[in-house]
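Reader: Hi! Could you walk me through some strand pairings in this one?

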Amino acid sequence: AYDVFGRDNTYNPSADPIVRVVAHEIRKKLESYYQNEGADDEIRMELPAGSYQPVFHRQLSSSIAEIKESTAPADTKTEAAVSRQSLTLGTIVLSLLTLALAATSVWLALSNRALRQKTGTIQDTARYGRLWAGFLKNSTPPVVILSNPPVPRLSNAHEPELLLKDSIPLSPESIKAFRQKLITNPQTLIGESGQKYPQPRLIFSNNSHTGLGEAIGLHYLTNFFWTVEREIVVKQSRTLSAEDLKNRNVIMLGGTWVNEWSGKLPDEEDFVYSISATIVNRNRQSGEEREYVPQFDSRTGSLLTDYALITMKPNLTAATRVMILSGIYSQGTQAAVEFVTDTNYLDQLNHRLGQANESGHFQALLKVGVENGIPTTISILALHKLP
């Protein structure tokens, strides 16, 4: 904080989490780098969670022959070059055998993966604990539901009359404010000379948008299921059918306000969202609050603390489940998805589930620290069993 970010001796890490925020981002960047362009790097750097001290590992990707050749004396290299030139037929035979072995290995790997996708494996179930057991044992891909709430937008000159019929008129002051907020690059918009546009009105778009936290959450889930060699089916909330709920496990991103199906399932939950954008505790236990209210920066209005829920409940049939990952705000939804897909957080949750001997239906309440619109710290506050 002092040397990198210029903080003075009044710096308080509890009030200013800049170090944690950037360290979190560095870990994500390193993970992405080594999964892509850095996949063949011999030396790898890690920043372990809970620490700011880097750890270095050597990845033995180079062959022993390459290492020996790079360190051998000049005369030895010359002899090796002459020797290589003399290896003709033997080299060809060896190469063909190597190719055959490689092809066989690839075929076996693909066959093994296909078999695991069809049957599931005890190893996968055990590795990812109680939370994911029901999803990984089921060979049918789960449905991941992206919320698509109605989002207000300004009408344009070519809007069909059907949409304008249910639109909301705006005052000149409101139109000006909307344009300043919604049109990020007005200099790029070109109109014909002398063309008069009708006064814009407010229209609600029902099938065009989802939250930023939901979108990033889908990325986390995609990576998770790719890691466990499973497939998923992605749908928007308005296209989810009762048939999906009967026959598949379902993962919903977003809560009651942005996901219409979340209110159509049996409501026997301890933690529920209120109309005031809070989470109400209907079954208060020792040390718990009756209501959890988000916190904002009084100077900027930025979100500082969000709350989120991980809800596992029965589907329309007893054979399948619904997992709802939702925050009061979109940042909370992103944090909830991270909590069930990041191995460090997932271990915490599975440990709590193990202590409670819980493998069925439950709710976990999360507290989420937010910095500049990004969830940075996530902690579990409560775990309740559901009927």
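Author: Happy to. One term to start with: two strands count as paired if DSSP finds at least two bridges between them. Also keep in mind that this is a predicted model.

Reader: Good. Which residue does Tyr273 stand opposite?

Author: Tyr273 faces Ile279, which belongs to strand E9. The strands E8 and E9 (residues 279-281) are antiparallel and share 3 bridges.

Reader: And what sheet do they sit in, open or closed?

Author: An open one, made of 3 strands in the order E8-E9-E10 with antiparallel pairing. E8 (271-273) and E10 (291-292) are the edge strands; each has a single partner, so one side of each has no neighbour in the sheet.

Reader: Nice. Switching topic: is strand E14 mostly covered or mostly open?

Author: Mostly covered. E14 spans residues 362-371, and 8 of its 10 residues are buried, where buried means under 20% relative accessible area.

Reader: Which strands does E14 pair with, then?

Author: Strand E12 (residues 303-314) runs antiparallel to E14, joined by 8 bridges. Strand E15 (residues 374-385) also pairs with E14 in the antiparallel sense, over 10 bridges.

Reader: Any residue pairs I can click on?

Author: Sure. Between E12 and E14, try Thr305, which stands opposite Gly369. For E14 and E15, Val368 has Ile378 opposite.

Reader: What about the hairpin of E14 and E15: how many residues lie between the strands?

Author: There are 2 residues between them, and Asn372 in that hairpin takes a positive phi near 55°.

Terms used: Residues are numbered from 1 along each chain as its sequence is written. This is a predicted model: local features need pLDDT of at least 70, side-chain atom pairs count only at pLDDT 80 or more; totals for chains, interfaces and linings use all residues. Side-chain values use heavy atoms; hydrogens and water are left out. Helices (H or I, at least four residues) and strands (E, at least two) are DSSP runs, numbered from the N terminus. Buried means under 20% relative accessible area, exposed over 50%, partly exposed in between (1.4 Å probe, protein chains only).
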